[in-house]
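User: Please introduce this structure to a newcomer through a few formal questions.

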Amino acid sequence: MSNTPIELKGSSFTLSVVHLHDAHPEVIRKALAEKIAQAPAFLKNAPVVVNISDVHGPLNWQALHDVVLASGLHLVGISGCKDDVLRAEISQAGIALLTEGKEKPARPAPVPPVAPEPIVTPVTKTRLIDLPVRSGQRVYAPNCDLIVTNHVSAGAELIADGNIHVYGMMRGRALAGASGDRDAQIFCTNLAAELVSIAGVYWLSDQIPATFSGKAARLQLAESDLTIQPLN
């Protein structure tokens with residue numbers, strides 16, 4: 001019997017990918033309802049990634065997010081988007097851009113010589129959260145870093161266009177560099193996350209090295225891969 005009142009162990013969580021073939025929210029709502037009715041115990045409150053690689057044309061991102069939430073699912077992010085304009089729209093809607101498996105991020109299209117240089121919005125401020133972030137809550141910090149000085153529960157979601165700092169137990173999902181900033185990082189004093197992501201490259205809980213479970217850690221991108229090291 002352990003001498004400590006609690007024990008931290010690695011765990012794995014199921015993350016389903018919903019592949020869309022239609023852009024209409026009502027069609028998506030009905031299709032999700034049918035799928036959930038087939039396996040309600042498995043899909044109730046399940047976190048999902050929505051893949052749009054087979055969808056052509058504009059999408060109402062807020063309507064899509066509302067449809068997924070109304071169905072009882074939790075939207076982790078969007079994958080399969082290779083169009084720069086659509087990626088910008090998704091980011092502006094506060095939805096994370098993810099890269100599935102070994103999928104490489106799309107290379108930007110060549111910019112004609114006469115085109116103006118893109119405007120980059122700098123990260124100039126910080127959003128500070130002092131209260132616990134509870135299950136089901138979603139905190140988004142657009143164009144800035146996010147600092148949480150309390151615990152983050154399982155089922156909660158942190159999204160920031162800049163860095164994410166968590167000075168407490170991190171059990172939920174942390175998605176830094178949501179607008180594509182590959183220099184963004186995640187700093188955590190007690191890592192037990194369901195999912196971590198930087199600029200769309202993500203690890204599920206069972207991909208995070210077990211030696212860092214419950215430890216202070218720092219995550220960043222090295223080329224196209226997530227890396228982790230102790231937070232000194």
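User: Which phi does glycine 72 take just after helix 3?
Analyst: The model is predicted: local features need pLDDT of at least 70, side-chain atom pairs count only at pLDDT 80 or more, and totals for chains, interfaces and linings use all residues. Residues are numbered from 1 along each chain as its sequence is written, and side-chain values use heavy atoms, without hydrogens and water. Helices are DSSP runs (H or I, at least four residues), and strands are E runs of at least two, numbered from the N terminus. Just past helix 3, glycine 72 has a positive phi of about 95 degrees.

User: Which residues of helix 3 are buried?
Analyst: Buried means under 20% relative accessible area with a 1.4 Å probe, protein chains only. Among what covers these residues are helix 1 and strand 2 (47–51). The buried residues of helix 3 are Trp61, Ala63, Leu64, His65, Val67 and Val68.

User: How are the axes of helix 1 and helix 3 arranged?
Analyst: Axes are lines fitted to C-alpha atoms over the stretch in contact, with angles from 0 to 180 degrees between N-to-C directions. The axes of helix 1 (residues 25–38) and helix 3 (residues 61–70) come within 10 Å and cross at roughly 20 degrees. Angles under 35 degrees count as roughly parallel, so helix 1 is roughly parallel to helix 3.

User: Which residues of helix 3 does helix 1 meet?
Analyst: Contact means heavy atoms within 4.5 Å. From helix 1, Pro25, Ile28, Arg29 and Leu32 take part, and they meet Ala63, Leu64, Val67 and Val68 in helix 3.

Methods. Parallel < 35°, antiparallel > 145°, perpendicular 65-115°, else oblique. Buried < 20%, exposed > 50% of the residue type's maximum accessible area, 1.4 Å probe, protein only.
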